[in-house]
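Thanks for asking me to look this one over. My notes are below, in numbered points you can follow with the structure open beside you.

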Amino acid sequence: MFDYDRILRAISAKQTHSTERNPAHKIVMAFRYQMIRKASELPDINTVFLAVQKVDSSLKDFLNSVGCEVEYKLMDTSKEECLKRLSKDESRPDKQEWRKIINKCFENREVKREMKAELRADGLHISGYVNVPGRESRPVLTPRGKVIEIIEQRAFARAIERSGGINMLLDHDRSRVLASTTEGTLSVREDEVGLRAESVVTDEAVIAGAKAGRLKGWSFNMKNVQDAVEERADALPIRRVKDFDMDEITLVMNKVPVYSSTSIEVRADAEEEVETRAICLETIYSEMVEKPHEEPKYDNSDYKNRLDALKQ
């Protein structure tokens, strides 16, 4: 068991949680990496559980470098439950300080349900989270019936990696491609929070819609879904979406975002089942004002006076 807080307190004699501000932080992190590396080399250790507050890029890169097969699980304990456990934990006398830490942790984890749209010189910059995996959805109708759905973490990352490119459409209209990863106008990635999209849109209708406050949210598609359904006696089944293919996200503007739908797309040689999920968001619109370029003004009168004096 690797307990970051206890090891850090033992090394630094600090009684409360501390991170980068503590010089011992780097020592503790190096110790953690060494533990993981050693465990990956031992033949009698098959599984290692690593609990972290967030999965950053440095940890992901390290786990990949040692060849670990990683499965991410979101421990979605509520803030109220954490505070309740703290009140009963007699090993932590500095409870007031820990309450601040817990509140700050949940403040950082909270995903703002908003889409940002900023008009700049090169177009409309739109960004936000399209979906947050690892969490239970509202009741949703799927090909498996009415379920509570959980899209597993890293499923988006694998879908993005497999895709030959992802387009951002307007209202799922394939004739209205607003941005694309292949053209460099769209960035789509799964980070420690969820599926994040950042795009630059030059479509005049969309820019006008953003100014008028008509942008309503995001949507994305899922094809070739691999899932598992867990039946429950007194509640809706849990559908765990483990893998899928994705080739589009949608900016919803002229339609009402429908949380879930299933359709059949007819291809040249086959029919394909496509599921879509949507999210309604508040749009925060702003404009970046470009300041006119002004030539710097220099007061060189003193220099001119000296030259005139030399000429005399």
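**Notes on the fold**

1. Let me begin with one strand pair: strand S2 (residues 123–131) and strand S8 (residues 195–201) run antiparallel and are joined by 7 bridges. Within that pairing, Asn-131 has Leu-195 of S8 as its bridge partner. Please keep in mind throughout that this is a predicted model.

2. The pair belongs to an open sheet of 5 strands with mixed pairing, in the order S7-S8-S2-S1-S14. Strand S7 (186–190) and strand S14 (282–287) stand at the edges with a single partner strand each, so one side of each has no neighbour in the sheet. On average, neighbouring strands here are turned by 15° against each other, direction ignored.

3. Two helices pack on this sheet. Helix H6 (residues 155–162) touches S2, S7 and S8, and its direction makes about 140° with that of S7. Helix H7 (residues 204–211) touches strand S1 (114–120), S2, S8 and S14, with its direction at about 75° to that of S2.

4. Stepping back to the whole protein, the secondary structure comes to 8 helices and 14 strands. Of the 312 residues, 37% are buried. Among contacts with a separation of 6 or more, 63% are between residues 24 or more positions apart. The accessible surface is about 20,100 Å², and carbon and sulfur atoms account for 49% of that surface.

5. Now for the rings: the whole structure holds 3 aromatic pairs. Tyr-33 and Phe-62 form a tilted pair, 4.5 Å centre to centre with 40° between the planes. Tyr-33 lies in helix H2 (residues 25–41) and Phe-62 in helix H3 (residues 57–65), so this pair ties together parts 29 residues apart in sequence. Phe-62 counts as buried, at 10% relative accessibility.

6. The rings of Phe-156 and Phe-220 have centres 5.2 Å apart and planes at 70°, so they make an edge-to-face pair. This pair links helix H6, which holds Phe-156, to strand S9 (residues 217–230), which holds Phe-220, across 64 residues. Phe-156 is buried at 0% relative accessibility, and Phe-220 is buried at 1%. Together with Phe-244, Phe-156 and Phe-220 form one aromatic cluster.

7. Finally, a word on cysteines: how many disulfides does the model contain? The count comes to 0. Cys-82 is partly exposed, with a relative accessible area of 22%, and Cys-280 is partly exposed at 44% relative accessibility.

Key: Residues numbered from 1 in each chain as written. Predicted model: local features only at pLDDT ≥ 70, side-chain atom pairs only at ≥ 80, totals over all residues. Heavy atoms only, no water. Helix = DSSP H or I, 4+ residues; strand = E, 2+ residues; numbered from the N terminus. Buried < 20%, exposed > 50% of the residue type's maximum accessible area, 1.4 Å probe, protein only. Contact = heavy atoms within 4.5 Å. Areas by Shrake-Rupley, 256 points an atom, 1.4 Å probe, with all protein chains shown as cover. Pairing = 2+ DSSP bridges. Axes fitted to C-alpha atoms, helices over the stretch in contact; angles between N-to-C directions. Disulfide = S-S within 2.5 Å. Phe/Tyr/Trp six-rings, centres within 6.5 Å; stacked < 30°, edge-to-face > 60°.
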